[in-house]
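User: I am new to reading protein models, and I would like to work through this one step by step. Could you take my questions in turn and show the reasoning behind each answer?

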Amino acid sequence: MEKEVILKVSDLCKTFKLSKKQQKIQNTASKVKVAVDHLSFEAYKGEIFGLLGPNGAGKTTTLRMLSTLIRPDSGDVIIDGVSVVKQPELVREKIGFLTSELKLEEFFTPNYLFDFFSDLHGVEPQVREERKARMFKRFGIDQFAEVKVANLSTGMKQKTSLVVSLVHDPDIIIFDEPTNGLDVITARTVTDYLAELKAEGKTIIVSTHIFSLVERLCDRVGIVINGQMTVCDTLKALTAEKSLEDKFFEIYMETAGD
Ligand SMILES: Nc1ncnc2c1ncn2[C@@H]1O[C@H](COP(=O)(O)OP(=O)(O)OP(=O)(O)O)[C@@H](O)[C@H]1O
């Protein structure tokens, strides 16, 4: 079957100006940091695509550009036919952006937040209620629906933020470091859910530095080093001769070693 490209990243670039403080932290005399450097890749409809790379490789910056949170300096991303540069508001309707760092307003309840974000996305009340009931049950939020976020456990907060990021049932899900900072049980709930979303036909882009997550979930992998796409291939091809970890280090030494 012919694969359909649903997300196309072309020649994406992003450079940050560094403050004196950032220069000190990053131990550099340079006034700028090239975070993403002419990065390109494509994702097919219905797959889980992983961006794998070490800390500071540019994964988060890339995903923020894909999600229209920051604007590329140059290059573009076409998501389901729409440009993140030219029509970011339309892209936002098609995607869900998730990060394990998302913090919810502590004063509100999961029930309130779900309704609030549904209204922002213009979800019909009937659809909203059906979706809320299903998602809250799936994640065990139903018992805590009227508890303020401040009083929820960390795992329940994470599950709530995941659910409220998907109120509009997007076809494309962009997830920065899905399991970072999560306990093993919540992490498992999240990765199982990503597999379920894939089974429903959703397209998922994840960034991670965790090999086992890629091995368990991803169909194809892009290895990002120093803001560049070094290798992009199927997980199967990348792990044909050696483990993903060994392959990664081989590529890393070839690329970053010089
Ligand atoms: N707003 C910013 N201002 C200055 N430098 C930045 C900014 N955001 C990111 N950077 C720098 O750009 C580079 C890429 O960062 P990015 O967060 O995209 O990497 P990453 O691959 O997601 O790594 P991590 O796993 O550590 O989050 C890093 O050197 C980072 O310090």
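User: Between which two strands does the loop that holds Asn-226 lie?

Analyst: This is a predicted model, and in it Asn-226 sits in a loop with a strand on either side. The strand before the loop covers residues 220–225 and the strand after it covers 228–234. The two strands that flank Asn-226 are therefore, under the numbering of DSSP runs from the N terminus, strand E9 and strand E10.

User: How many bridges join E9 to E10, and in which direction do the two strands run?

Analyst: E9 and E10 form a hairpin with two residues between them. Within this pair, Ile-225 stands opposite Gln-228 of E10. The strands run antiparallel, and the number of bridges that join them is six.

User: What is the phi of Asn-226, and is the residue buried, partly exposed or exposed?

Analyst: Asn-226 is not a glycine, yet its phi is positive, at about 50°, and the residue belongs to the turn of the E9–E10 hairpin. For the second part we need the cut-offs: 20 or more C-beta neighbours within 10 Å make a residue buried, and 12 or fewer make it exposed. Because Asn-226 has 16 such neighbours inside 10 Å, it counts as partly exposed.

User: Which residue in the turn between E4 and E5 has a positive phi?

Analyst: E4 and E5 run antiparallel and are joined by two bridges, one of the partnerships being that of Ile-79 with Val-82 in E5. The two strands form a hairpin with two residues between them. The turn residue with a positive phi, of about 50°, is Asp-80.

User: What is the order of the strands in the open sheet of four strands?

Analyst: The pairing in this sheet is antiparallel, and its edge strands, each of which pairs on one side only, are E2 and strand E5 (82–83). Strand E1 (residues 5–17) and strand E4 (residues 74–79) are joined by five bridges; Lys-8 has Ile-78 as its bridge partner in E4, while Cys-13 stands opposite Ser-74. The order of the four strands is E2-E1-E4-E5.

User: Asn-27 lies in the loop between helix H1 (20–25) and E2; is Asn-27 buried or exposed?

Analyst: The backbone of Asn-27 has a positive phi, near 55°, in a residue other than glycine. To judge its surroundings we count C-beta neighbours inside 10 Å, and Asn-27 has 6 of them. Since 12 or fewer is the limit for this class, Asn-27 counts as exposed.

User: How far apart in space are Glu-2 and Tyr-44, C-alpha to C-alpha?

Analyst: Glu-2 is placed in the segment before E1, and with 4 C-beta neighbours inside 10 Å it counts as exposed. Along the sequence, Glu-2 and Tyr-44 are 42 residues apart. In space, their C-alpha atoms are separated by 10.0 Å.

User: Which element gives the most residues to the shell around the ligand?

Analyst: There are 14 residues around the ligand, and those that come nearest are Phe-16, Ala-35, Asn-55, Thr-60 and Thr-61. Two elements give two or more residues to this shell, namely strand E2 (32–44) and helix H2 (59–66). By type, the shell divides into four nonpolar, eight polar and two charged residues. The element that gives the most, with three residues, is H2.

User: How many of the eight residues of H2 are buried?

Analyst: The buried residues of H2 include Lys-59, Thr-60 and Arg-64, as well as Leu-63 and Met-65. The helix is followed by Thr-68, whose phi is positive, near 65°. H2 is mostly covered, and the number of its residues that are buried is eight.

User: What is the radius of gyration of the chain, and what does the globule rule give for 258 residues?

Analyst: The chain has 10 helices and 10 strands. The globule rule gives 18 Å for 258 residues, and the value for this chain is close to that, so the chain is as compact as a globular protein of that length. The radius of gyration of the chain is 19 Å.

User: Which feature does UniProt place at residues 7–251?

Analyst: The span is 38% helix and 27% strand, and its end C-alpha atoms lie 25 Å apart. The name itself comes from the UniProt record, which is an unreviewed entry. The feature placed there is "domain: ABC transporter".

Key:
Residues are numbered from 1 along each chain as its sequence is written. This is a predicted model: local features need pLDDT of at least 70, side-chain atom pairs count only at pLDDT 80 or more; totals for chains, interfaces and linings use all residues. A residue is near a molecule or strand if its C-beta atom, placed from the backbone, lies within 6 Å of it. Ala, Val, Leu, Ile, Met, Phe, Trp, Tyr, Cys and Pro count as nonpolar, Asp, Glu, Lys and Arg as charged, and the others, Gly among them, as polar. The radius of gyration is taken over C-alpha atoms; the globule rule is 2.2 Å times the number of residues to the power 0.38. Two strands pair if DSSP finds at least two bridges between them. UniProt positions are given in the numbering used here, feature names are shortened, and annotations may be inferred rather than shown by experiment.
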